[in-house]
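The exercises below are meant for a reader who meets this structure for the first time. Please try each task before reading the solution that follows it.

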Amino acid sequence: MNTKDMIKQNNQLRNQLNPENKKYYEEILVYIRVNVNKDEQQTEETLLEILQDILDAQKNGTSAKEFFGKNPKEISDNILAELPSSSGTSLIKFVLLIFVLLLQFNLITILLEPVIAISFFKTGLPILLSAAAIFFILAVVKYYSFSKKTSYSFALLAFICWLATFLVPIIDTRLNGIGQTIILSHQTFALILLILSGIILVGYYLEKSSFFEIIPTVILAILEFTVLIGLVNPATLSLGSKAIFSTLLLLLLFVLPAIQFYTQEKQS
């Protein structure tokens, strides 16, 4: 059974748990799954085994807490210590895909600006801050069930990083640019973004991702191609057109994953 089939089976079997056992199991599941440095196949196999053990115990009138112990965090830490780490290649592919995705969605708005000016402070720093925000959000998810205080601390750090991604470009503009700036043509920048889109789509293809997951990248690739061949000239677009496009893009990025999540939950 491959990883996706195991996740699907996990979602189906979890509905058979009573509320108390479900809460206990899902605390373990979330804490273990957010450790992206662990082998995904082994992780899902272990989670499925734990779920089946809890279901068996439930049939015999024993709660998950009685069967595994009262401290799910300690259980989870012991499981994580025994799980093998991801292979270097798998981890690099995962990190690279996330980084390129992050890069793509941070840079696309620059393509619509009248003049494309790139600098570390204005362009690179917000990308690093976005990466830090994602790291802190994962930590929030990991610790939410076991330590609310730790979870809230990471949530505050994530919010600060997210807020800073908006403040940095404003500060750069107010100070008329900080550090060395490189000016690129729209066609050159569109070509760079199109290459990033190609890398993301290849990554999705290798992961056998669903249709919903690739739609935002396909839309961005079409926009980048139209700018590359001169069909769309961002320098002549009105502010209203840019605002409409940015709003539609933002909605797609949030609505499509929500539809996918709802569809998966309904199927399970």
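**Exercise 1. The overall build**

How many helices and how many strands does the secondary structure of the protein chain come to?

*Solution.* Begin with the kind of model at hand: it is predicted, local features need pLDDT of at least 70, side-chain atom pairs count only at pLDDT 80 or more, and totals for chains, interfaces and linings use all residues. Residues are numbered from 1 along each chain as its sequence is written, and side-chain values use heavy atoms, with hydrogens and water left out.

Next, count the elements, where helices (H or I, at least four residues) and strands (E, at least two) are DSSP runs numbered from the N terminus. The protein chain has 11 helices and two strands, and from the N terminus on their order is α-α-α-α-α-α-β-α-α-β-α-α-α.

Then turn to packing. Of the 268 residues in the protein chain, 35% are buried, where buried means under 20% relative accessible area, exposed over 50% and partly exposed in between (1.4 Å probe, protein chains only). Among contacts (heavy atoms within 4.5 Å) with a separation of 6 or more, 78% join residues 24 or more positions apart.

**Exercise 2. Confidence and annotated regions**

Find where confidence is lowest and where it is highest in the protein chain.

*Solution.* The score to use is pLDDT, the predictor's confidence in each residue, from 0 to 100. Its average over the protein chain is 82, and 89% of the residues score at least 70. Helix H11 (residues 239-267) has the lowest confidence, with a mean of 66, whereas helix H3 (residues 40-59) has the highest, at 92.

As a further step, consult the record: an unreviewed UniProt entry places the feature "transmembrane region" at residues 94-121, 127-145, 152-171, 183-206, 218-237 and 243-262. UniProt positions are given in the numbering used here, feature names are shortened, and annotations may be inferred rather than shown by experiment. In the model, residues 152-171 are 100% helix and 0% strand, with end C-alpha atoms 28 Å apart, while residues 94-121 are 71% helix and 11% strand, with end C-alpha atoms 26 Å apart.

**Exercise 3. Charged pairs**

Describe the salt bridge of Glu 27 and that of Asp 77, and state how exposed the partners are.

*Solution.* A salt bridge is a side-chain nitrogen of Lys or Arg within 4 Å of a carboxyl oxygen of Asp or Glu, and the structure holds five of them. In one of these, Glu 27 meets Lys 23 at 2.9 Å, N to O; both residues lie in helix H2, four residues apart, about one turn of the helix. Glu 27 is buried at 14% relative accessible area, but Lys 23 is exposed at 54%.

In another, Asp 77 meets Lys 73 at 3.0 Å, N to O, and these two are likewise four residues apart, in helix H5 (residues 72-82). Lys 73 is partly exposed at 27%, and Asp 77 is partly exposed at 30%.

**Exercise 4. A lysine without a salt bridge**

Where is Lys 38 placed, and which residues does Lys 38 touch?

*Solution.* Lys 38 sits in the loop between helix H2 (19-33) and H3. Lys 38 is buried yet has no salt bridge, and the nearest side chain of opposite charge, Asp 77, is 9.9 Å away. Instead, look at the backbone: the side chain of Lys 38 reaches the backbone oxygen of Leu 80 at 3.1 Å. Leaving aside residues up to four places away in sequence, Lys 38 touches Thr 43, Leu 80, Leu 83, Pro 84, Ser 85 and Ser 86.

Key:
Lys, Arg positive; Asp, Glu negative; His and termini not counted. Polar contact = N/O pair within 3.5 Å; in protein donor to acceptor, adjacent residues only side chain to side chain.
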